[in-house]
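Hi,

Here is the structure I promised to pass along. Have a look at it first, and then read on for what turned up.

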Amino acid sequence: MQNRAAVNGKATVEVLRARSTEMLDDLRACVEIETPSRDKARCDAFVPFFTELATRYGGRCERIANRDGGDHLVVRWGKSGEAPVLFLGHYDTVWPAGTLARKPFTVTDGVARGPGVFDMKAGLVQALWAARLVHANGSAAPPITFVVNSDEEIGSVTSRAMIEDEARKARAVFVFEPSFHGAVKTARKGVGIYTVEVEGRAAHAGSEPENGINAIDELARATLAIHALGNPKAGTSIYVDVVSGGTVRNTIAAHARGEIDMRAATNAEAKRIDDALHALRPHHPEAKLTITGGLNRPPMERSPKIADLYARAKAIAMQLGFALEEASVGGGSDGNFAAAVGAGVLDGIGAVGEGAHAEHEHVHVGAMAERTALVIDLVRSLAAG
Ligand SMILES: [Zn+2]
């Protein structure tokens, strides 16, 4: 059985290699429609294009209207009724419109470049091809649901509920985000976004400073207290990264504000921070200190389900002839939402390359075939029993 699986898997890699020109054509088409998260018109133009492609590849598409951004898309393969394998991918990118003119899609020496190519349009193409091949010729493999959302780069506010819903029903979740130097991501930190607001009291800085309450003094003290909450050993970092306050130099500052970024590796740490932030009190009894915000994405901890999926993927990769490492990373993704509802998640199963959100963003074209074959065998291995 092992041997036959290995032979089949390697044959799949060869099939995909032979069709790499078609995969690259799809990648080019995906990259050449620019999709900045906050540009509804451009994002909405991507949806019919991707619908046509996914339909051609045997998927049943459902467009999910979204008033606050680009529409989302759900594509299904295989019979309904059985728990599906969930694929997650986002089609928005961090690149503003016009980036393509400056940095067009190119393939040179096996390296593809273009806005969003690594994060994560190559992942979208790999997911499509995996689903297409798994379900070619009416296969008995588990059904696949592919959620393609428009707002991952800005927090998935409008797609989160849909992702959680689909993740609850899924037998496993594969997130086609870029890999970490080829490694899949089996743990991700949670991300908290908070604001600290201080209200003091204005007074003339020369004639009656004693009647004022300096909000900047309060914010400075609060900032030190907030930074002291970090715990590098536990993987928790918390910083005030933006500050503003005051009105004019000769008036005691009545108002100050700080924006806080928090990262935590465990839910326990995220809760400790949240409790501590809400317990902060001003130094001056008449000052007012308000904390707003919370966890944007909960931590994705390496659960037994995640460890099991990784072991499975590692074994399949070995049969295909490559080593699949795992990594834990500080950034969040929609995998965090899926893991938080109890699903087994393998994140970063998408493209191999480098430079997400960076000028040197690129994808190694040669890895697309083996990464896609890996997913195909993974889905097949998850058949009932
Ligand atoms: Zn991404």
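Which residue in β11 stands opposite Val196? That would be Gly258. Before going further, please keep in mind that this is a predicted model.

The two residues take us straight to a pair of strands: β9 (residues 190-199) and β11 (residues 255-264) run antiparallel to one another, joined over 10 bridges. They belong to an open sheet of 4 strands, ordered β10-β11-β9-β12 and paired in the antiparallel sense. At the edges you'll find β10 (237-245) and β12 (288-297); each has a single partner strand, so one side of each has no neighbour in the sheet. From one strand to the next, the twist averages 15 degrees. Helix α7 (residues 215-227) lies across β9, β10, β11 and β12, and runs at about 170 degrees to β10.

There is a second sheet to look at. This one is also open, with 6 strands in the order β1-β2-β6-β3-β7-β14 and mixed pairing. Here the edge positions go to β1 (60-64) and β14 (345-346), and since each has a single partner strand, one side of each is left without a neighbour in the sheet. Within it, β2 (residues 72-77) pairs with β6 (residues 144-149) in the antiparallel sense over 5 bridges, and Val74 stands opposite Val147 in β6. Helix α6 (residues 160-169) packs on this sheet, where it touches β1, β2, β3 (85-90), β6 and β7 (172-175), and its direction makes about 165 degrees with that of β6.

Now for the spaces. The largest pocket holds about 520 Å³. It is lined by 28 residues, and the closest to its centre are Lys185, Arg188, Gly331, Gly332 and His357. Elements giving two or more residues to that lining are α5 (117-134), β8 (184-188), β9, β11, β12 and β15 (353-354). By class, the pocket lining comes to 8 nonpolar, 10 polar and 10 charged residues.

What about enclosed space? The count is 1 cavity of 30 Å³ or more, and the largest cavity has about 40 Å³ of space. Among the residues lining the cavity are Leu88, Gly89, His90, Val147 and Asp334. You've met Val147 already, as the residue opposite Val74. Strand β3 gives the most to this lining, with 3 residues, while β3 and β6 each supply at least two. The class split for the cavity lining is 5 nonpolar, 3 polar and 3 charged residues.

Cheers

Technical notes. Residues are numbered from 1 along each chain as its sequence is written. This is a predicted model: local features need pLDDT of at least 70, side-chain atom pairs count only at pLDDT 80 or more; totals for chains, interfaces and linings use all residues. Side-chain values use heavy atoms; hydrogens and water are left out. Two strands pair if DSSP finds at least two bridges between them. Axes are lines fitted to C-alpha atoms, for helices over the stretch in contact, and angles run from 0 to 180 degrees between N-to-C directions. Contact means heavy atoms within 4.5 Å. On a 1 Å grid over the protein atoms alone, a cavity is a set of points where a 1.4 Å probe fits but cannot get out, and a pocket is an open set with protein on both sides within 12 Å along at least five of seven lines; lining residues have an atom within 4 Å of a point. Grid points are joined across faces, edges and corners, and a volume is the space filled by probe spheres set on the points. Ala, Val, Leu, Ile, Met, Phe, Trp, Tyr, Cys and Pro count as nonpolar, Asp, Glu, Lys and Arg as charged, and the others, Gly among them, as polar.
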